[in-house]
Amino acid sequence: RLTPEEIIEFVFFPVVNEGCRVIAEGVVDKPADLDVACVLSMGFPAWRGGLVHWGDAVGAKHVVSRLNEFAAMVGPQHAGFFKPCAYLEQCAQQGVELGVGPASAKL
């Protein structure tokens, strides 16, 4: 049984991961653009500051750790859904905020 906090992480940490892919692939000019888009288009809670801002507040290391735990929990058939992308893993390893962006962080 998952706690309310774990349910939030289970649902939204894969979204943070996808946001990191979008950032790394240069789909957005800057990570803050993704924050604005998430608040205005998908109803992400504005008081959390947007998807990337929230991911930074939680911490990349925690997001990566929990994604890996969720991947193990769901088994090999669905584990890929929770696999952290390279940019997220690099931010976690180097202690770089997600909102810095790959060009500025020199990852």
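**Entry 1: tryptophan 54**

I looked up the burial of tryptophan 54 in this predicted model. Its relative accessibility is 7%, and because buried means under 20%, tryptophan 54 counts as buried. I then turned to the ring of tryptophan 54 and its pairing with phenylalanine 13. The two ring centres lie 5.6 Å apart and the planes meet at 45 degrees, so I recorded the pair as tilted. This pair joins distant parts of the chain, since phenylalanine 13 belongs to helix 1 and tryptophan 54 to helix 3, 41 residues apart. I noted phenylalanine 13 as buried, at a relative accessible area of 1%.

**Entry 2: aromatic pairs**

I counted the aromatic pairs and obtained eight. One of them is formed by phenylalanine 12 and tryptophan 54, with ring centres 6.2 Å apart and planes at 80 degrees; the pair is therefore edge-to-face. Here too distant parts of the chain are linked: phenylalanine 12 sits in helix 1 and tryptophan 54 in helix 3, 42 residues apart. Phenylalanine 12 is partly exposed, with a relative accessible area of 26%. I also recorded one aromatic cluster, made up of Phe10, Phe70, Phe81 and Phe82.

**Entry 3: helix 3**

Which residues of helix 3 are buried? I found Leu51, Val52, Trp54 and Gly55. These residues lie on the same side of helix 3, because they cover an arc of only 160 degrees around the axis. I next asked what the buried residues of helix 3 pack against. The partners are helix 1, helix 2 and helix 4. Glycine 59 follows helix 3, and its phi is positive, near 105 degrees.

**Entry 4: helix 2**

I repeated the inspection for helix 2, where Pro31, Leu34, Asp35 and Cys38 are buried. Their arc around the axis is only 105 degrees, which puts them on the same side of helix 2. In general, an α-helix has 3.6 residues a turn, so residues three or four places apart point the same way. On the other side of helix 2, I found Leu40 and Ser41 exposed. The cover over the buried residues of helix 2 includes helix 1 and helix 3. Glycine 43 comes after helix 2 and has a positive phi, near 75 degrees.

**Entry 5: the nonpolar core**

I examined the largest nonpolar core, which has 26 residues. The members that touch the most other members are Val16, Cys20, Tyr87, Leu88 and Leu98. At least two residues of this core come from each of helix 1 (4-24), helix 2 (31-41), helix 3 (51-58), helix 4 and helix 5. Helix 4 contributes the largest share, six residues. I then listed the contacts of cysteine 20 beyond four places in sequence: Cys85, Tyr87, Leu88 and Leu98.

**Entry 6: phenylalanine 82**

Where does phenylalanine 82 lie? I placed it in the loop between helix 4 (60-74) and helix 5 (86-94). Is phenylalanine 82 buried or exposed? Its relative accessibility is 3%, and phenylalanine 82 therefore counts as buried. Setting aside neighbours within four places in sequence, I found phenylalanine 82 in contact with Phe10, Pro14, Leu67, Phe70, Ala71 and Val74. For proline 14, I also looked up the backbone separation: its C-alpha atom and that of phenylalanine 82 are 5.9 Å apart, although the two residues are 68 residues apart along the chain. Phe10 and Phe70, which are among these contacts, also belong to the aromatic cluster that contains Phe82.

Conventions:
Residues numbered from 1 in each chain as written. Predicted model: local features only at pLDDT ≥ 70, side-chain atom pairs only at ≥ 80, totals over all residues. Heavy atoms only, no water. Helix = DSSP H or I, 4+ residues; strand = E, 2+ residues; numbered from the N terminus. Buried < 20%, exposed > 50% of the residue type's maximum accessible area, 1.4 Å probe, protein only. Contact = heavy atoms within 4.5 Å. Core = buried A, V, L, I, M, F, W, Y, C linked by side-chain atoms within 4.5 Å. Arc of directions from axis to C-beta. Phe/Tyr/Trp six-rings, centres within 6.5 Å; stacked < 30°, edge-to-face > 60°.
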